[in-house]
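Good morning, and thank you for giving me a few minutes of the meeting. I should like to take you through one protein chain, beginning at a single residue and then widening the view.

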Amino acid sequence: MTIATADLEPLLDRASAGVTFDGLRIDEEDGNYVLETPADEWHDLDETALREALETCEEYVTNWRYWQETVGGEGTARRAFLRWCEHAPIPDAGEHTTTTDGLAVPARYDALREGIDRRWGQLSITARFVDVDDPDGERVYDLWHVDDADSDLADLEVYDDPRDAREIATYDEDGRYRPLKTAPTLVSGWAFTGLSGAELVETVGFLYPATIANWHRELRGNLDVDHWTETAERQTGIYDVIDELPREAVDWMAEACCVDSQCLRRREWGYDEDDDLDVDGGDGPFPCREPCSLVVAAARKWAILESEEEHTYELELTTSELNQLEELIDAVAEGRTDEIREADVYDGANRYRARYLRAKRVGEDGLEATQVDE
């Protein structure tokens with residue numbers, strides 16, 4: 001098969017300067033060329049012989065053309081992400097040293113014919129060739145919710161404009177606004193198909209803002225982390241009080257907000273540079289480099305609440321009612337109240353159980369409790 005001129009000519013134009021990329025190497029020696037791939041070697045080639053030799057390396061040539069001509073952007077986050085999508089080695093900023101292992105070109109080409117699936121939070125991404133029967137190296141990308149990975153496209157709302165992702169990311173399954181875009185509440189039932197690499201990165205950016213950039217910073221070892229004390233001390237206005245939140249309360253806050261069940265980011269910030277939090281940071285695929293705006297807003301309320309004095313109260317409860325209060329708190333905290341059936345009166349967070357407890361123990365003036373300390 002003859003390689004298209006559009007694929008071959010840009011590579012020949014760069015041959016005299018030397019090419020080293022994904023296992024393909026071209027060097028000029030004494031006016032002639034050396035061509036190498038992991039499988040073959042050619043020496044003492046003039047330009048015509050080099051052209052003929054390259055015709056036998058179609059996959060390496062079209063792979064070079066896709067990454068260097070179509071994608072470009074050496075050292076950028078978007079390029080690294082697209083290479084991650086197909087298990088390609090991800091070089092460092094200078095693209096001379098491989099920082100992560102990956103599939104060689106022939107193995108990737110075989111996989112791209114079938115489609116390579118990757119998961120990014122609640123997103124399922126498939127990288128594939130535009131033409132699987134006669135691949136010219138050009139890739140496209142499909143994107144959908146992991147819950148829909150086995151669904152027929154006819155059953156999904158199909159999009160091709162990255163800007164449509166903004167609306168998808170705005171509300172959850174119940175139509176409630178999602179203030180935290182990396183919460184594990186992304187709605188399903190949609191798909192983006194045939195996206196270019198640039199369109200894929202843009203779409204993911206609308207669904208999970210800044211995650212690709214921060215993932216890439218971490219990959220290169222230059223993730224800039226702002227710890228709690230740094231974040232709290234730079235707040236002004238109504239949020240100026242959050243630096244008064246007690247040290248132990250920052251742990252409680254992280255346990256409440258910054259765990260896998262609440263956010264898909266992996267917390268990398270601690271109390272300060274020399275004082276990590278006791279709470280596990282999670283296993284999310286992309287890092288969290290600083291307390292987010294949702295945490296800062298909640299911290300303001302907790303700082304105010306923690307400034308209150310503690311008192312000892314006495315109230316009458318049976319042992320079962322005390323246990324039920326614990327079950328109610330747990331059900332609300334874990335967001336499972338909607339899962340509890342009305343007929344399941346054995347669950348302490350059952351609606352009728354909660355209403356009965358309120359009728360019995362909560363009067364018109366609130367909970368019947370007596371302060372016993374002075």
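Let us begin with Ser196, which counts as partly exposed, at 29% relative accessibility. Please keep in mind throughout that this is a predicted model. Where does Ser196 lie? Ser196 sits in the loop that joins strand S11 to helix H7. Its C-alpha is 9.4 Å from that of Val71, although 125 residues separate Ser196 and Val71 in sequence.

With that one position in mind, I turn to the chain as a whole. The chain contains 13 helices and 17 strands. Is the chain more spread out than a compact globule, or less? Its radius of gyration is 28 Å, whereas the globule rule gives 21 Å for 374 residues; the value is well over the rule, so the chain is more spread out than a compact globule. The dimensions of the C-alpha trace can also be stated: along the principal axes, the trace spans about 95 × 50 × 35 Å.

Next, the interior and the surface. Of the 374 residues, 41% count as buried. The accessible surface amounts to about 20,700 Å², and carbon and sulfur atoms supply 44% of that area. Contacts across the sequence deserve a word here as well. Among contacts in the chain with a separation of 6 or more, 58% are made by residues 24 or more positions apart.

How many positive and how many negative side chains does the chain have? There are 36 positive and 91 negative side chains. The centres of these two sets lie 4 Å apart.

Let us now look at the start of the chain. Helix H1 covers residues 5-14, and its buried residues are Asp7, Leu8, Pro10, Leu11 and Leu12. Which elements do the buried residues of H1 pack against? They pack against two strands, S1 (19-21) and S2 (24-29), and against two helices, H2 (47-54) and H3 (58-71).

I continue with two aspartates, each placed in a loop. Asp172 belongs to the loop between helix H6 (165-168) and strand S11 (190-195). Is Asp172 buried or exposed? Its relative accessible area is 13%, and the limit for a buried residue is under 20%, so Asp172 is buried. A polar atom of the Asp172 side chain lies 2.8 Å from the backbone nitrogen of Arg176. If we set aside neighbours within four places in sequence, Asp172 is in contact with Arg178, Thr185 and Val187.

The second aspartate, Asp272, is located in the loop between strand S12 (265-267) and strand S13 (286-288). Asp272 counts as partly exposed, at 25% relative accessibility. Which backbone nitrogens lie 2.9 Å from a polar atom of the side chain of Asp272? One is the backbone nitrogen of Asp274, and another is that of Asp275. Beyond its neighbours within four places in sequence, Asp272 is in contact with His227 and Thr229. Its C-alpha is 15 Å from that of Leu223, a residue 49 positions away in sequence.

From loops I move to a helix. Trp302 is part of helix H11, which runs over residues 293-306. Trp302 is partly exposed, with a relative accessible area of 29%. Which residues does Trp302 touch, not counting those up to four places away in sequence? They are Leu245, Met253, Ala256 and Cys257. As for distance, the C-alpha atoms of Trp302 and Arg113 are 53 Å apart in space, and the two residues are 189 residues apart in sequence.

Finally, I should like to mention backbone angles. Phi of Asp30 is near 55°, a positive value in a residue other than glycine. Asp30 lies in the loop between S2 and strand S3 (32-36), and it counts as exposed at 84% relative accessibility. Ala210, also not a glycine, has a positive phi near 70°. Ala210 is found in the loop between helix H7 (197-207) and helix H8 (211-219). With a relative accessibility of 47%, Ala210 counts as partly exposed.

To close, I return to the view of the whole: the chain is more spread out than a compact globule, and 41% of its residues count as buried. Thank you for your attention.

Methods:
Residues are numbered from 1 along each chain as its sequence is written. This is a predicted model: local features need pLDDT of at least 70, side-chain atom pairs count only at pLDDT 80 or more; totals for chains, interfaces and linings use all residues. Side-chain values use heavy atoms; hydrogens and water are left out. Helices (H or I, at least four residues) and strands (E, at least two) are DSSP runs, numbered from the N terminus. The radius of gyration is taken over C-alpha atoms; the globule rule is 2.2 Å times the number of residues to the power 0.38. Buried means under 20% relative accessible area, exposed over 50%, partly exposed in between (1.4 Å probe, protein chains only). Contact means heavy atoms within 4.5 Å. Accessible areas come from the Shrake-Rupley method with a 1.4 Å probe; for residues, only the protein chains shown count as cover. Lys and Arg count as positive and Asp and Glu as negative; His and the chain ends are not counted. The place of a charge is taken as NZ of Lys, CZ of Arg, CG of Asp or CD of Glu. A polar contact is a pair of N or O atoms within 3.5 Å; within protein, one must be able to donate a hydrogen and the other to accept it, and residues adjacent in sequence count only if both atoms are side-chain atoms.
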